[in-house]
Amino acid sequence: MDLTFSEEQDELRTVVRSFLTRHATEADVRRLAADPHGHDPWIWRRMATEIGLQGLAVPEEYGGSGFGYVDLGVVFEETGRALLCAPYFATVALAAEALLRCDDEAARADLLPGIASGDTVATLALTEDDGRWDEQGIHLTAREEAGSWRLTGTKTYVPDGHLADLILVAARTPAGFSLFAVEVADATGLTRTPLPTLDQTRKQARVTFTDTPARLLGTDGTAWPGIERTLATAGVLLAAEQVGGAAAALDASVAYARIREQYGRPIGSFQGIKHKCADMLVEIESARSAAYAGLWALDAGDETEIAVAAALAQAFCSEAFTKVAGDTIQVHGGIGFTWEHPAHLYLKRAKSSEVLLGTPAYHRELLAARLGL
């Protein structure tokens, strides 16, 4: 296995970083974080039409580019650096992956082209009031009536659920756990309520279904293995995003330590600051190794290795990002605690991401179970 980036992947990173430098500035992040909608449709469209980010890893037969997960990880790392305010994680890491993992060719052919083109914002509705990311946390029910399915119940903490055009919903049926598609434009009995969140750059919603018509994806009662794989993939991609955010925080800390002076010297020359920045670098490089190992495991396709690598990446990268973001505020001193400085934006993203797909403790338990410990 080649554990280095290709020239094309390095060029992809350069292109994505250049795009985000122009269109995901700190001013853009603050503006969209304060906007109830949470993202700029014009930028979303340009992401799809100019550099094809939404369809990067979607197979060509469904309108995508057919790239691998390492390529997609490069993009997520750069969106993490920029704190991109867009439904990219929900649409690409959750919804598109769930469609690829379900056993329903017709649904893939119908729904993936819209995601790849940027026409469809999608998400996966899994968690409920208890916030659990395992199958025991699914209580929303689906019933079949006259050949059609109806959903009743509530999903919460749904990423970008307030604006999604397509919601994939995990539900219980008499046969077990199944996955359903709800196209919002045609849905009745659907209520979406934006939730207050610590991280305003990534919106969440509470979605209530009251006898809402839905489309069954795949075979009834067989969805959980595909959902579990989707969560593993999303966990690795989130880890890559966390690495990008942590790296940006360290870059800001080093830059500040070079120009901020005390007692006639840059604070970066003081041992306490040097050691803190060095510790931050160690955390980031370790997290980067864990995230990249997960990406290469995804491309290799070994399911056992993917399960282990995903749990490891989330357990480590979540805490690493939070630590680095917190230390960034410490390095910046008084200015780092202010609303005007962007350090708090990274800390909020770090704390939110730390629990987005389950806590680090939850992923350590998964890791131990998958290793047979």
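Hi everyone, let me start with a contact that caught my eye: Arg13 places its charged end over the ring of Phe5, 5.4 Å from the ring centre. Please keep in mind that this is a predicted model.

Now to the aromatic pairs. With rings paired when their centres lie within 6.5 Å, the count comes to 7 aromatic pairs. One of them joins Phe5 and Tyr292, with 5.0 Å centre to centre and 90° between the planes, an edge-to-face arrangement. What parts of the chain does this pair link? Phe5 is in the segment before α1 (7-23), and Tyr292 is in helix α8 (residues 271-300), so the partners are distant in the chain, 287 residues apart.

Are these two rings buried or exposed? Phe5 has 22% relative accessibility, so this residue counts as partly exposed. Tyr292 has 12%, and because buried means under 20%, Tyr292 counts as buried.

On to a second pair, Phe76 and Phe89. Their ring centres are 6.3 Å apart and their planes are at 90°, so this pair is edge-to-face. Here too the pair links distant parts of the chain: Phe76 belongs to helix α4 (residues 69-82) and Phe89 to helix α5 (residues 88-101), with their positions 13 residues apart in numbering. Both Phe76 and Phe89 are buried.

Let me finish by going back to Phe5. Which residues share an aromatic cluster with Phe5? They are Tyr292 and Trp296, and the three form one cluster. So if you click on Phe5 in the viewer, look for the charged end of Arg13 over its ring and for Tyr292 meeting it edge-to-face. Thanks for listening!

Definitions and conventions:
Residues are numbered from 1 along each chain as its sequence is written. This is a predicted model: local features need pLDDT of at least 70, side-chain atom pairs count only at pLDDT 80 or more; totals for chains, interfaces and linings use all residues. Side-chain values use heavy atoms; hydrogens and water are left out. Rings of Phe, Tyr and Trp (its six-membered ring) pair if their centres lie within 6.5 Å; planes under 30 degrees apart count as stacked, over 60 as edge-to-face and the rest as tilted. Helices (H or I, at least four residues) and strands (E, at least two) are DSSP runs, numbered from the N terminus. Buried means under 20% relative accessible area, exposed over 50%, partly exposed in between (1.4 Å probe, protein chains only). A charge sits over a ring if NZ of Lys or CZ of Arg is within 6 Å of the ring centre and within 35 degrees of the ring normal.
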